[in-house]
Amino acid sequence: MSKKLRSLCLAAALAASAATAVTTGAGTASAGLCGPVSNIFTMQADGDLWLYQHSAPGSGAATWAGARQVGSGWGGKTFAGPDGWLFNITTGGDLRRLRYNGSGWDTMPGGGQYDTIGTGWDKFVQIAGRGKITVDSDGSIYTLEGGALRWWFFDQRQRAWAPGSGRVIDIGWDRFDTIAASGQGGLKGRDDTGVLHHFRYDRVSERFALYETWQHRLTWKSGTKLFSAGGDVFYTVRPGTGELVWNDYSEYSDDGWRTSTGSVIGTDWGTDLDVTATTTDCRQTGYWVPRNPVVEDQGAMPVAYVNPRGAAHLMRVEPDNRVTDLRDSGLGHWIAEPFGPDYTGISNVVPGPVAGTETFGTTQRPSGDVQVHTLGLDGSWQSLPSLKGAMRVAPALVRRPNGTLVVYAMGDHASDRGPWEGQLYYREQLPNGDFLAWKRFSSGLVTETPSVISRGTEVTIAVRTSGNMNSWYRTGTSGVPHEMGRLPYVVGPRPKLVQDAQSRILLVDVGFRPGAGAGLGAFVLREKADRTGFEDTWTFLPDLPGASDAESRQVDAVVLPNGALAVSLTAGGEVYVTTSKGAADGTEFHPWQQVSAEGLELGFSEPTSMRVETGALHVVGVTSSGSYWRFAASVPQDAGAPLTFSAGTQLA
């Protein structure tokens with residue numbers, strides 16, 4: 001009998017009848033965070049499997065309810081999950097699941113004590129991989145393979161892997177030598193200096209509710225075995241001394257850990273091959289998760305003008321939040337077809353995954369699920385599996401040079417006071433088509449869909465925040481957006497970003513003209529020549545006919561083939577367009593011209609959309625009654641020449 005077992009027997013004798021064995025997994029927190037015991041399993045070098053019951057998992061006192069051998073002939077790698085489930089990887093790489101019910105092993109369908117649910121898992125039996133597989137309290141399995149963090153979920157009722165199992169949810173994890181899950185999606189990654197980095201992944205919304213915070217290096221030194229009983233209650237076995245150490249972590253504590261060094265609750269634990277605990281014996285309350293988002297009704301948004309191969313589709317969010325696809329039949333008329341119900345808005349349009357296709361995104365109400373749709377080569381719509389997210393507004397998309405997508409959206413964020421409203425998230429696609437998990441990157445209170453533009457692998461993001469400001473971000477070589485600064489006071493919900501012929505970025509929006517009572521005006525803010533930021537002054541476009549503050553609060557802009565900048569908007573029920581007198585980086589503009597016919601009083605009320613096709617600029621406007629009009633002008637070779645629009649065409 002080992003010293004560890006003798007000490008536990010002595011503790012049990014002293015406790016006498018005060019200690020009561022409980023069924024594994026039955027410990028749901030009552031008075032505190034934990035049930036009566038945490039069930040710790042050890043796989044010893046001789047193949048014996050033992051169960052030890054720590055009777056003070058909530059406080060960390062060195063008291064035990066007893067120990068007993070529950071198996072023999074075990075090998076490979078053993079780790080525990082929720083509610084009595086254990087997993088064993090054989091030396092041949094088979095992944096088995098078993099369940100200990102407190103008095104014995106459940107009989108699996110088919111009559112045995114285990115099910116084989118996978119093969120090829122032998123990398124986690126090797127020394128370098130033993131600390132790179134873990135299970136949280138809802139049964140999600142996380143594996144660390146090179147720099148890739150993967151998520152798996154085996155549905156115990158269906159006896160099958162859930163869709164998406166094995167998906168890479170993050171990269172860059174090769175800096176960690178151990179991962180340990182706790183609670184619902186809580187993850188610790190230990191780097192080679194012994195510092196633990198804290199994450200929390202939510203499998204329902206497929207996003208990180210928290211991403212990389214870290215605390216002490218004093219307790220969790222490199223080389224220790226690290227595991228959890230759930231609820232951010234952690235245990236570790238110190239190498240060398242064999243001490244079993246308890247500690248408790250809280251996301252809402254300034255310091256994180258309850259103590260800087262933990263509490264020693266046992267000795268002689270250093271000879272076990274695996275030490276693991278049932279992951280539902282403790283729980284943590286009060287952690288915010290992304291559920292039931294307040295999905296905004298974003299009102300009228302610009303039509304998504306999709307036209308990859310000459311067959312135009314105008315995607316519009318109706319006042320009742322249905323999306324309608326108005327498409328050119330090619331026979332001289334347009335056909336309106338329902339696309340889907342209950343969306344908050346529509347994203348920008350980007351090239352599709354293959355030539356001749358185009359893609360846009362939506363956010364569904366009330367779930368906040370983000371969806372990506374592509375108009376295929378056969379003229380039909382193809383939608384990716386939902387990107388989830390629990391987001392509050394329509395997304396924005398970027399197609400990178402390697403053909404992968406990045407999706408940006410606004411949602412809430414976890415804090416000790418509940419959701420921290422209005423934070424920006426992004427989700428990156430991998431070359432194999434899978435998407436990493438959503439990750440947060442903003443700090444301000446965002447109020448709208450971000451505007452995005454790519455220049456090679458670099459992405460620039462501008463978004464309206466509370467206080468009528470635009471914050472802007474830029475990605476580095478890692479693809480992670482970093483906040484660069486604030487931009488002028490604005491009233492437009494979504495700025496427009498375009499690139500001129502020299503690839504300098506221009507921001508077009510609506511803001512307050514200088515001077516008391518000067519009203520509103522559309523303006524252009526240019527990127528500095530060295531591309532380190534935006535200039536300190538902006539160019540206001542000419543006054544619209546009529547009141548100086550008649551501009552709508554949403555503009556569209558496009559750089560024409562001749563290098564000029566075209567800007568459109570609706571005001572006073574009419575559609576207006578202006579262009580720069582020369583290249584887009586110039587400061588002089590032609591007077592606004594009304595392109596909607598005089599006297600018809602159609603009442604254009606929704607934001608305009610523009611697109612250049614076959615040498616002509618097309619401007620789409622929608623009236624308050626829901627009729628679509630398109631106005632066209634050939635683009636002259638001379639960038640300084642004004643546009644001449646033909647009479648508009650009613651499409652529907």
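Which residue stands opposite Leu226 in strand 18? That spot goes to Thr236. Keep in mind as you look around that this is a predicted model. Below is a quick tour of the sheets, the cores, the main pocket and a few residues with unusual backbones.

**The sheet around Leu226**

- Strand 17 and strand 18 (residues 233-237) run antiparallel and are joined by five bridges.
- Both belong to an open sheet of four strands, ordered 17-18-19-20, with antiparallel pairing.
- At the edges you'll find strand 17 (225-230) and strand 20 (263-266), and each of them pairs on one side only.
- If you ignore direction, neighbouring strands here are turned by 30 degrees against each other on average.
- In case you're wondering what holds strands together: strands of a sheet pair through backbone hydrogen bonds, and they can be parallel or antiparallel.

**Another four-stranded sheet**

- Further along the chain there's an open sheet with the order 22-23-24-25, and its pairing is antiparallel too.
- Strand 22 (304-306) and strand 25 (334-340) are its edges; each has a single partner strand, so one side of each has no neighbour in the sheet.
- From one strand to the next, the twist averages 25 degrees.
- Strand 22 pairs with strand 23 (residues 313-317) over three bridges, in the antiparallel sense.
- For a landmark in that pair, look for Ala304, which sits opposite Met315 in strand 23.

**A strand covered on both faces**

- Strand 21 (residues 274-277) is covered on both faces.
- Asp274 and Thr276 are buried on one side, while Val275 and Ala277 are buried on the other.
- Its pairing with strand 1 (residues 38-43) is antiparallel and runs over four bridges.
- Within that pairing, Thr42 is the residue opposite Val275.

**The nonpolar cores**

- The largest nonpolar core counts 20 residues, and those with the most contacts inside it are Leu565, Val567, Leu569 and Trp592.
- Three elements give two or more residues to this core: strand 40 (505-512), strand 41 (520-526) and strand 44 (565-571).
- Strand 44 is the top contributor, with four residues.
- Apart from this core lies another one, of 18 residues, including Val575, Val595, Val619 and Ala639.
- Val567 is worth a closer look: leaving out neighbours within four places in sequence, its contacts include Val508, Leu541, Val555, Tyr576, Trp592 and Met610.
- Asp556 and Thr578 are also among the contacts of Val567.

**The largest pocket**

- The largest pocket has a volume of about 1200 Å³.
- It is lined by 40 residues, and the closest to its centre are Asn348, Val349, Lys496, Leu497 and Asp556.
- Several strands each supply at least two residues of the lining, among them strand 22, strand 27 (350-351), strand 31 (396-399) and strand 35 (451-455).
- Strand 39 (496-499), strand 43 (556-559) and strand 47 (609-613) each do so as well.

**Backbone oddities**

- As background, most residues other than glycine have a negative phi, and most peptide bonds are trans.
- The peptide bond from Arg365 to Pro366 is cis, with omega near 0 degrees.
- You can find Pro366 in the loop between strand 28 (358-364) and strand 29 (370-375).
- Arg159 isn't a glycine, yet it has a positive phi of about 55 degrees.
- Look for Arg159 in the loop between strand 10 (148-155) and strand 11 (160-161); it is partly exposed, with a relative accessible area of 39%.
- Arg531 isn't a glycine either, and its phi is positive at about 65 degrees.
- The loop between strand 41 and strand 42 (539-540) is home to Arg531, which is partly exposed, with a relative accessible area of 34%.

**A stop at His618**

- His618 sits in strand 48 (residues 616-622).
- Is His618 buried or exposed? His618 is buried, with a relative accessible area of 11%.
- Not counting residues up to four places away in sequence, His618 touches Tyr305, Ser609, Met610, Arg611, Glu613, Arg630, Phe631 and Ala632.
- His618 and Ala300 are 318 residues apart along the chain, and their C-alpha atoms are separated by 19 Å.

Methods: Residues numbered from 1 in each chain as written. Predicted model: local features only at pLDDT ≥ 70, side-chain atom pairs only at ≥ 80, totals over all residues. Heavy atoms only, no water. Core = buried A, V, L, I, M, F, W, Y, C linked by side-chain atoms within 4.5 Å. Buried < 20%, exposed > 50% of the residue type's maximum accessible area, 1.4 Å probe, protein only. Contact = heavy atoms within 4.5 Å. Pairing = 2+ DSSP bridges. Axes fitted to C-alpha atoms, helices over the stretch in contact; angles between N-to-C directions. 1 Å grid on protein atoms, 1.4 Å probe; cavity = no way out; pocket = protein on both sides within 12 Å on 5 of 7 lines; lining within 4 Å. Points joined across faces, edges and corners; volume = space filled by probe spheres on them.
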